[in-house]
Structures are given as structure tokens and as C-alpha cells.
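Subject: Structure for you to look through

Dear colleague,

Please find the structure below, together with the notes I made while going through it. I suggest keeping the view open as you read, so that each residue can be found as it comes up.

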Amino acid sequence: MTNSLQEMGIKNYLGLFDEQGDPDLDKTVEFLDISRKGLAEAFGLSLDQIRPERMSEVAKQRVTELAGTLEFVAGIFKGNKQKALFWIKTPNPHFGGVSPRDMIIRGRQRKVRAFVMAAMGRESGRVA
């Protein structure tokens with residue numbers, strides 16, 4: 001049986017997945033330096049839908065996709081958390097001068113994912 005992390009074929013450089021390969025919501029929002037409420041709003045969901053103890057399937061899929069994207073970014077930088085965080089927070093001309101983090105907060109995480117996956121030569125449509 002495979003888990004989300006294995007299916008995506010990535011390493012857990014940032015620790016955004018637990019030992020079972022499920023996304024860790026708290027570590028993901030901590031890495032992005034946003035609140036759960038902010039993430040819920042970015043996903044177009046209610047705060048209740050992303051509560052770890054009863055996360056909806058839609059929310060789990062989106063958190064898995066986001067955590068996977070962030071782990072891919074870390075992989076580009078050979079696991080260097082500081083470089084990955086710098087890239088996430090730095091305004092990017094490919095996003096109209098907006099940082100990838102701000103794109104995520106604005107609900108555009110799939111655009112960030114597509115960009116990262118294209119940079120890696122992988123298809124962005126694959127979701128865990």
C-alpha cells in the first residue's frame with residue numbers, strides 16, 4: 001500500500017507529511033507562516049473543513065497538493081529549507097511580481113504548482 005508521499009515520488013525534506021505519508025496541516029501552515037483560517041480562505045473552504053481531526057476529503061486533497069508542491073520546491077534546492085522558504089516568499093516575475101506564498105494565499109496554489117512542476121519537467125495535473 002502506498003501513501004501520498006510515495007505516490008508523488010518526493011522526499012519529506014520539510015517534514016510536511018507524517019510517518020504515514022499524510023499531510024501535516026500544522027507544519028504546512030507554519031512553513032507558509034499563515035493561519036489555518038487563512039489557508040481555509042485560500043482554498044475557498046470553511047475553517048471547520050480543515051480541522052485536522054475531521055478534515056474533509058476536498059481539504060485533505062488540497063493540503064496534500066500544497067504540501068507536495070512545497071516539498072518539490074525543497075527538492076529543487078536539495079532539501080535546503082532556507083532556500084525553499086526564500087523562493088516561496090520572494091516576488092516572482094512569473095507571477096506578476098507576486099511571491100508564490102502570496103499566490104497561494106490568494107487561492108492560486110494550482111498556478112504555483114503548475115509552475116513548479118513545469119520547472120521540474122513533470123506534469124502538474126497529477127494529484128495524490
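The largest nonpolar core in this predicted model has 34 residues, and those with the most contacts inside it are Phe-31, Leu-32, Leu-39 and Leu-70. Helix 2 (25–32), helix 3 (36–43), helix 4 (57–76), helix 5 (81–89), helix 6 (100–105) and helix 7 (109–120) each supply at least two residues of this core, and the largest share, 8 residues, comes from helix 4. In soluble globular proteins, nonpolar side chains tend to be buried together. To follow one member of the core outwards, take Leu-32, which, when residues up to four places away in sequence are not counted, touches Leu-66, Leu-70, Ile-88, Arg-101 and Ile-104.

Just after helix 2 the chain enters the loop that leads to helix 3, and Asp-33 lies in that loop. Is Asp-33 buried or exposed? Its relative accessibility is 52%, and because exposed means over 50%, Asp-33 counts as exposed. The phi of Asp-33 is near 60°, which is a positive value in a residue other than glycine.

In helix 3, the buried residues are Gly-38, Leu-39, Ala-40, Ala-42 and Phe-43, and what covers the buried residues of this helix includes helix 2, helix 4, helix 6 and helix 7. Helix 3 is followed by Gly-44, where phi is again positive, near 70°.

Helix 4 deserves a careful look of its own. With 20 residues, helix 4 reaches 28 Å from its first C-alpha to its last, which is close to the 28 Å expected at 1.5 Å a residue. Which residue follows helix 4 with a positive phi? That residue is Lys-78, with a phi near 55°, and Lys-78, like Asp-33, is a residue other than glycine. Lys-78 sits in the loop between helix 4 and helix 5, and its relative accessibility of 75% is the reason why it counts as exposed.

Helix 4 also packs against helix 7, at an angle of about 40° and with the two axes 10 Å apart, in a crossing that is left-handed. Among the residues of helix 4 that meet helix 7 are Gln-61, Leu-66, Phe-72 and Ile-76, while the residues they meet on the side of helix 7 include Gln-109, Val-112, Val-116 and Met-120. Gln-61 counts as partly exposed, because its relative accessibility is 35%, and its C-alpha is separated by 14 Å from that of Ala-42, which is 19 residues away along the chain.

One residue in the loop between helix 5 and helix 6, Asn-92, is also worth finding. Its relative accessibility is 7%, so Asn-92 counts as buried, and, leaving aside its neighbours within four places in sequence, it is in contact with Trp-87, Gly-97, Val-98, Ser-99, Pro-100 and Phe-115.

Finally, a word on confidence. The chain averages a pLDDT of 88, and 91% of the residues score at least 70. Where in the chain is confidence lowest, and where is it highest? The lowest confidence is in helix 1 (residues 4–8), at a mean of 69, and the highest is in helix 5, at 96. Where pLDDT is low, the predicted coordinates should not be read in detail.

With best wishes

Definitions and conventions:
Residues numbered from 1 in each chain as written. Predicted model: local features only at pLDDT ≥ 70, side-chain atom pairs only at ≥ 80, totals over all residues. Heavy atoms only, no water. Core = buried A, V, L, I, M, F, W, Y, C linked by side-chain atoms within 4.5 Å. Buried < 20%, exposed > 50% of the residue type's maximum accessible area, 1.4 Å probe, protein only. Helix = DSSP H or I, 4+ residues; strand = E, 2+ residues; numbered from the N terminus. Contact = heavy atoms within 4.5 Å. Expected span 1.5 Å × (residues − 1). pLDDT = per-residue confidence, 0-100. Axes fitted to C-alpha atoms, helices over the stretch in contact; angles between N-to-C directions. Left-handed = near helix turned anticlockwise from the far one by under 90°.
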